[in-house]
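Me: I am a first-year student learning to read protein models. Please take a close look at one part of the model shown here, and then set that part in the context of the rest of the chain.

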Amino acid sequence: MADFARVREHLEARGFTVSCFATAAEACDYLDRTLDGKSIGIGGSVTIRDMGLAERLGTHNRIVWHWAGGTAQEASETQIYLSSVNGLAETGEIINIDGTGNRVASGLYGHEKVYFIVGRNKLAPDYDAALWRARNIAGPKNAQRLQKKTPCAVKGDKCYDCKSPERICSALVVYWRKPPRWTLRWCWWMRTWGSDCLDPSKRRCAREKAASRAVPVSVSVPHGLRRHAGAGLSVGHAPRQAAGGCR
């Protein structure tokens, strides 16, 4: 079981401001009232999809999502960006791996704010374990979901550091702390969604259950600055092309 108090302590020590929500509805309410009249880009994220966040925000914002008719390039030019991460260490390091680079690029720079929606299933005790989780759990699961012809997709057990042209792991970014010139960065820890959430037929709300793993982190950077890869550690080549998802 993850030590949420420890996660919060370490994130705050790294410069992040942490708030907690008891349910997915509360988290969506917060984002819904915070983001209004904005252009919002979204990276591939099963969590965001299952939360229904895009639909809700789309009633009073302009949503750009390559899963819903937009393009990754257009999403990179929005005011706000929503995404997820592949690993979060209880010691506070945030890890993201990407195939085409759209998510890691937008997560580093260029938007007014970036919100990372991170499931508690992404948690690991320390940096090494979080990196292992990102490579050996998130990578194979995403490759299988995207029906890629890679060893990890076929076997589903670990990263093979393959040379396949369909490989989805090309770039790695680690956020060690809030970059000093970023004006604001927040992390919301959503510990538990309402397990008693029922739909009209008295069955548990599948969308709430699927979203039981979420944590948004928001990053605000000064206006008018161009995107660069100077924050965190960026490894690998990430060409711009059709984008994959994040698990």
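What does Gln147 count as, buried or exposed, and why?

Reply: Gln147 counts as exposed, because its relative accessibility is 68% and the cut-off for exposed is over 50%. This is a value computed from a predicted model. Gln147 sits in the loop that runs between helix 7 (127-145) and helix 8 (151-155). The backbone there has a feature worth noting: Gln147 is not a glycine, yet its phi is positive, at about 55°. As background, most residues other than glycine have a negative phi.

Asp161 makes a useful companion case. Asp161 is not a glycine and has a positive phi of about 45°. Its place is in the loop between helix 8 and strand 10 (171-175). Asp161 counts as partly exposed, because its relative accessibility is 42% and that class lies between the 20% and 50% cut-offs.

Next to Asp161 in the numbering is Cys162, which takes part in no disulfide. The nearest cysteine sulfur to that of Cys162 belongs to Cys152, 6.2 Å away. A disulfide is a covalent bond between the sulfur atoms of two cysteines. For a pair to be counted here, the sulfur atoms must lie within 2.5 Å, and the structure holds 0 disulfides. Cys152 is buried, at 13% relative accessibility. Cys162 is buried too, with a relative accessible area of 16%. The limit for buried is under 20%, so these two values fall inside it.

Now for the wider setting. The secondary structure of the chain comes to 9 helices and 14 strands. The chain has 247 residues, and 52% of them count as buried. If one takes contacts between residues at least 6 apart in sequence, 75% join residues at least 24 apart. A related case of residues distant in sequence involves Tyr127: Ile94 and Tyr127 are 33 residues apart in sequence, while their C-alpha atoms are 8.3 Å apart in space. Ile94 belongs to strand 7 (residues 94-98) and is buried, because its relative accessibility is 2%.

Strand 2 (residues 39-42) shows how strands are arranged elsewhere in the chain. In a regular strand the side chains alternate between the two faces of the sheet. In strand 2, Ser39 and Gly41 point one way, Ile40 and Ile42 point the other way, and all of them are buried. Strand 2 pairs with strand 4 in the parallel sense, over 4 bridges. Strand 2 also runs parallel to strand 5 (residues 80-83), and 3 bridges join them. Two positions show the pairing in detail: Ile42 stands opposite Trp65 in strand 4, and Gly41 stands opposite Tyr81 in strand 5.

Ser39 lies in strand 2 and is buried, at 10% relative accessibility. A polar atom of the Ser39 side chain lies 2.9 Å from the backbone nitrogen of Gln79. Beyond its neighbours within four places in sequence, Ser39 is in contact with Arg62, Thr78, Gln79 and Ile80.

From strand 4 the path leads to an aromatic pair. The structure holds 2 aromatic pairs. In the pair of Trp65 and Trp67, the ring centres are 5.3 Å apart and the planes are at 20°, so the pair is stacked. The reason is that planes under 30 degrees apart count as stacked. Trp65 is buried at 7% relative accessibility, whereas Trp67 is partly exposed at 30%. His66 is in the loop between strand 4 (62-65) and helix 5 (72-75). His66 is buried, with a relative accessible area of 18%, and a polar contact of 3.3 Å joins its side chain to that of Trp67.

One caution remains. The average pLDDT of the chain is 74, and 69% of the residues score at least 70. Over residues 183-246 the pLDDT is below 50, although this stretch has 199 contacts in the model beyond near neighbours in sequence. Where pLDDT is low, the predicted coordinates should not be read in detail.

How values were computed: Residues are numbered from 1 along each chain as its sequence is written. This is a predicted model: local features need pLDDT of at least 70, side-chain atom pairs count only at pLDDT 80 or more; totals for chains, interfaces and linings use all residues. Side-chain values use heavy atoms; hydrogens and water are left out. pLDDT is the predictor's confidence in each residue, from 0 to 100. Contact means heavy atoms within 4.5 Å. Rings of Phe, Tyr and Trp (its six-membered ring) pair if their centres lie within 6.5 Å; planes under 30 degrees apart count as stacked, over 60 as edge-to-face and the rest as tilted. Buried means under 20% relative accessible area, exposed over 50%, partly exposed in between (1.4 Å probe, protein chains only). A polar contact is a pair of N or O atoms within 3.5 Å; within protein, one must be able to donate a hydrogen and the other to accept it, and residues adjacent in sequence count only if both atoms are side-chain atoms. Two strands pair if DSSP finds at least two bridges between them.
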